[in-house]
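Biologist: Could you walk me through this structure, starting with the words you will be using?
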Amino acid sequence: MSSKLEEKKIIVEEIKNKLQNSQSAIIIDYKGLNVEQATKLRKECRENDVDYKIYKNTLIKIAANEIGLEDKEGVFEGPTAIAFGMKDPVAPAKILKKYIGEFKKCEFKAGIVDGEFYTADEVVKLADLPSKEELIAKMLGSLNAPISGLVRSLSGIIGGLGIVLNAIKEQKANEA
């Protein structure tokens with residue numbers, strides 16, 4: 001077997017593993033990005049545990065077919081890059097949306113979340129979702145609000161009781 005064929009098999013295995021083990025895979029058309037822009041995008045991806053890679057479409061198709069993902073939309077045509085969200089399924093979509101808006105050169109093709117294909121429009125909606133941390137913070141804030149209100153109410157009652165008791169004490173002192 002030729003070494004080129006072995007290299008391609010290794011890359012197909014890498015793609016399969018990433019598609020199976022990532023929480024999401026966002027596919028974009030990266031055409032038009034210059035080196036500086038691509039470097040900036042890759043850096044932010046690395047900082048957010050997102051693996052951004054450019055692969056040959058034929059190798060992506062082989063890997064996707066081997067794990068049962070069919071390219072129904074012709075997604076794997078033209079310049080293709082994939083951002084794999086290893087920890088946060090929304091992170092790749094958010095990062096790519098930010099740079100698509102900033103550079104105005106690349107565009108979403110599709111996404112794969114939990115083994116399901118998402119259209120480009122659905123990926124944009126995914127990017128607009130709050131992150132896991134934001135949702136947790138909102139939930140904790142919602143849980144904390146009633147407790148804070150209860151504490152304020154109780155302290156108001158206790159303060160009022162103190163005023164009443166002080167008034168009674170002064171009244172008793174004036175009567176004596």
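Modeller: A residue is called buried at under 20% relative accessible area, exposed at over 50% and partly exposed in between, with a 1.4 Å probe and protein chains only. This is a predicted model, in which local features need pLDDT of at least 70 and side-chain atom pairs count only at pLDDT 80 or more, while totals for chains, interfaces and linings use all residues. Residues are numbered from 1 along each chain as its sequence is written, and side-chain values use heavy atoms, leaving out hydrogens and water.

Biologist: What share of the 176 residues counts as buried?
Modeller: In the protein chain, 32% of the 176 residues count as buried.

Biologist: And how far does the C-alpha trace span along its principal axes?
Modeller: The C-alpha trace of the protein chain spans about 110 × 30 × 30 Å along those axes. Its radius of gyration is 28 Å, where a compact globule of 176 residues would have one near 16 Å; the radius is taken over C-alpha atoms, and the globule rule is 2.2 Å times the number of residues to the power 0.38.

Biologist: Okay, new topic: how many helices and strands are there?
Modeller: The protein chain has six helices and five strands, counted as DSSP runs (H or I of at least four residues for helices, E of at least two for strands) and numbered from the N terminus. From that end, the order of elements is α-β-α-β-α-β-α-β-β-α-α.

Biologist: How are contacts in the chain spread along the sequence?
Modeller: Taking contact as heavy atoms within 4.5 Å, 79% of the contacts between residues at least 6 apart in sequence join residues at least 24 apart.
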